[in-house]
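Biologist: I would like a close look at one helix pair and its surroundings. Please take me through the contacts, the burial and the salt bridges.

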Amino acid sequence: QMENHLVVFVHGFLGIPTTMSYSSSTLKKDHSKASHLLTHVSETNSPQKNGTMDGIDAAGKRLATEIKEIKKLHPHLQRISFVGVSMGGLISRYACGELLEEDTGTIAGMEPINFVTFATPHLGTRQSTSYITEHYLSKISLVRVTTDQFYLRDSTTRPLLLEMTEPSSRFIKALNLFKQRCLYSNVANDHRVIYQSAAIWPFQMTGRHWIQPYKYMEAHANIIDRTSIGAQGLQWNPDANASNAIVQDPSSPESISQDQDVQVECFYPKDSIEFEMAKNLNSMKWRRMDCHFNGWFGSWLNHSNMNVGFERINSIGKNVVQHFVENFLDE
């Protein structure tokens, strides 16, 4: 059958396309409708070409141009999905805004299906625990355009990441079109992107039912499905008393339905840029998949474990990739 569903894989900051090889090849090999999928690992922002050092916006525009070229070569393409790792998720969000065709509700003339991110700093990295990034990389002028955007220092009023969450923006309109939006986040030991930023969740969760069981899915021992486990499901709807929302009112995070053992407190100040971005992005539904890796060595590689960036050292994340494949929508 004809490949009519374009799946674009986008690597992260200072990354290389081969870090997306395992996830893209596994999707093409194992998906139940693999014959429909045209998988493409983006190369336009690779170090050999333009890199990722001149900002999310510049990289996003290049990705948009790359996708337009693919569409010209394959005019039969009808659907499109994005899979972004780390900064790749932000680049993908920007490109979607560039490619949005509002009159038809399409992205580059294609129906949006999946938008998937692995450890993407959707709320920036101001709370990152990475000493190297904060104290060294962010001081190097060559990469400072990008790191200033990560740390929300690119503007004193409206940083780019905040602009990308404004309700009337093309970026939010484009995200809203996808049939499925899924976030894979590390619950601990990701020293580049903390859980709250990757999961677009501005709260700190504590309590026995939150910390201890992690309710691993039986077939995927490293994954906690926070979308579908009732009272612990991370669905934040500040404007309605949804039955699956543990936080009914963003101004009162103590309001929890059903499971009173889980305590919730604001991680970001309510007047912070991060809280505003989280509120805007949570105007739409996200599937949240929390990942946890055991062992000291594995934990230090968490940022690239989920997508098996390098198969030899990140193989612990293979069942996360398998979970991604099994939950990937074709139509």
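Modeller: What follows starts with the helix pair and then moves outward to other parts of the chain.

This is a predicted model. The protein chain has 331 residues, and 58% of them count as buried. It holds 14 helices and 12 strands. Among contacts with a separation of 6 or more, 74% join residues 24 or more positions apart.

Take the pair itself. Helix α2 covers residues 56-73 and helix α3 covers residues 87-99. Their axes come within 7 Å. They cross at roughly 60 degrees. That angle makes α2 oblique to α3. The crossing is right-handed.

Now the residues that meet there. From α2 come I56, D57, A59, G60, K61, L63, A64, I67 and K68. From α3 come M87, L90, I91, S92, Y94, A95, E98 and L99. By class, this contact has 11 nonpolar residues, two polar and four charged.

L90 deserves its own look. It sits in helix α3. Its relative accessible area is 0%, so L90 counts as buried. Setting aside neighbours within four places in sequence, L90 is in contact with I56, T120, P121, H122, F150, L161 and M164. One of these, I56, is also among the α2 residues that meet α3. H122 is another partner of L90. The two are 32 residues apart in sequence, yet their C-alpha atoms are 6.8 Å apart in space.

Next, Q149. This residue lies in helix α5. At 5% relative accessible area, Q149 is buried. Beyond residues up to four places away in sequence, it touches G55, I56, D57, D154, L160 and L161. I56 and D57 are α2 residues that meet α3. I56 and L161 also appear among the contacts of L90. So the surroundings of Q149 and L90 can be read together: both residues are buried.

Stay with α5 for its salt bridge. Helix α5 covers residues 144-150. The side chains of D148 and R144 meet in a salt bridge, with N and O 3.5 Å apart. The two are four residues apart in the helix, which means about one helical turn between them. In an α-helix there are 3.6 residues a turn, so residues three or four places apart point the same way. Burial separates the partners. D148 is buried, at 16% relative accessible area. R144 is partly exposed, at 39%.

A second salt bridge joins D54 and R62. The closest N and O atoms are 2.8 Å apart. D54 is partly exposed, with 33% relative accessibility. R62 is buried, at 16% relative accessible area.

A third links more distant parts of the sequence. E102 and K173 form a salt bridge through their side chains, 3.3 Å from N to O. E102 lies in the loop between β4 (100-101) and β5 (106-107), while K173 belongs to helix α7 (residues 170-176), so the pair ties together parts that are 71 residues apart in sequence. Both ends are partly exposed: E102 has 47% relative accessibility, and K173 has 34%. This bridge is also part of a network of salt bridges that links E102, R170 and K173. The total count for the model comes to 14 salt bridges.

Two other helices round out the burial picture. Helix α10 covers residues 273-281, and seven of its nine residues are buried, so the rest of the structure largely encloses it. The buried ones are I273, E274, F275, M277, A278, N280 and L281. Helix α1 covers residues 21-30. Its buried residues are Y22, S23, S24, T26 and L27. Their cover includes two strands, β1 (5-10) and β2 (37-41). It also includes two helices, α13 (311-314) and α14 (318-326).

Back to the pair you asked about. Helices α2 and α3 cross at roughly 60 degrees, and the crossing is right-handed. On the α3 side, L90 is buried at 0% relative accessible area. On the α2 side, I56 meets α3 and is touched by Q149 of α5.

Methods
Residues numbered from 1 in each chain as written. Predicted model: local features only at pLDDT ≥ 70, side-chain atom pairs only at ≥ 80, totals over all residues. Heavy atoms only, no water. Axes fitted to C-alpha atoms, helices over the stretch in contact; angles between N-to-C directions. Parallel < 35°, antiparallel > 145°, perpendicular 65-115°, else oblique. Left-handed = near helix turned anticlockwise from the far one by under 90°. Contact = heavy atoms within 4.5 Å. Nonpolar A, V, L, I, M, F, W, Y, C, P; charged D, E, K, R; others polar. Salt bridge = Lys/Arg side-chain N within 4 Å of Asp/Glu carboxyl O. Buried < 20%, exposed > 50% of the residue type's maximum accessible area, 1.4 Å probe, protein only.
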